[in-house]
Amino acid sequence: MAKRGVWQLQKLIVSYCDWGGSSRGIRSFMESQLPVFKEKNPQLEVVTELIRGQHPHLKGLYNNKNQRVICVKNMDYEDILQHASRLRNSLGRKVVKLKTRHLTNHPSVQVFLPCS
């Protein structure tokens, strides 16, 4: 996703095994969908990495020095394309759970009066 006109995802690393059965989907993704994904996203550096004997994963490296790793074990190429698009569209921030629904420095002056 672009934040102030700058795409936040710098690098996408596609890790796969050349003989493992769990990497079958990512190998078909690399043959059919990855060249199209690279053409549509020229701002993104896409790197493939051969890791033998391990399950495949996608790793996104962001401008704010954070990284996200998604395991794509036994997924087909459509699901892998969807996960790659989600990595591209995210900002790379850590997920923070808010304690309340609304945070403000100036709370409301309205007072709840019960009806009698």
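## Strands side by side

Let's start with one pair of residues: G60 has R68 in strand β6 as its bridge partner. Keep in mind as you look around that this is a predicted model.

That pair belongs to a wider match between strands. Strand β6 covers residues 67-71, and five bridges link β5 and β6 in the antiparallel sense. Between these two strands of the hairpin lie four residues. Look for K65 in this hairpin: its phi is positive, near 70°.

## The other partner of β5

Strand β5, residues 57-62, also pairs with strand β3, residues 9-16. These two run antiparallel as well, joined by six bridges. To find a spot where they meet, go to K11, which stands opposite L61 in β5.

As you trace a strand, here is a handy rule: in a regular strand, side chains alternate between the two faces of the sheet.

## What about the cysteines?

How many disulfides does a search of the whole structure find? The search comes back with zero. A disulfide is a covalent bond between the sulfur atoms of two cysteines.

Why does C17 not form a bond with C71? The closest cysteine sulfur to that of C17 is in C71, and because the two are 13 Å apart, they are too far from each other for a bond. For comparison, the cut-off for a disulfide is within 2.5 Å. C71 is likewise in no disulfide, its nearest cysteine sulfur being that of C17.

Are these cysteines buried or exposed? C17 counts as buried because its relative accessibility is 2%. C71, at 44% relative accessibility, counts as partly exposed.

Definitions and conventions: Residues numbered from 1 in each chain as written. Predicted model: local features only at pLDDT ≥ 70, side-chain atom pairs only at ≥ 80, totals over all residues. Heavy atoms only, no water. Buried < 20%, exposed > 50% of the residue type's maximum accessible area, 1.4 Å probe, protein only. Pairing = 2+ DSSP bridges.
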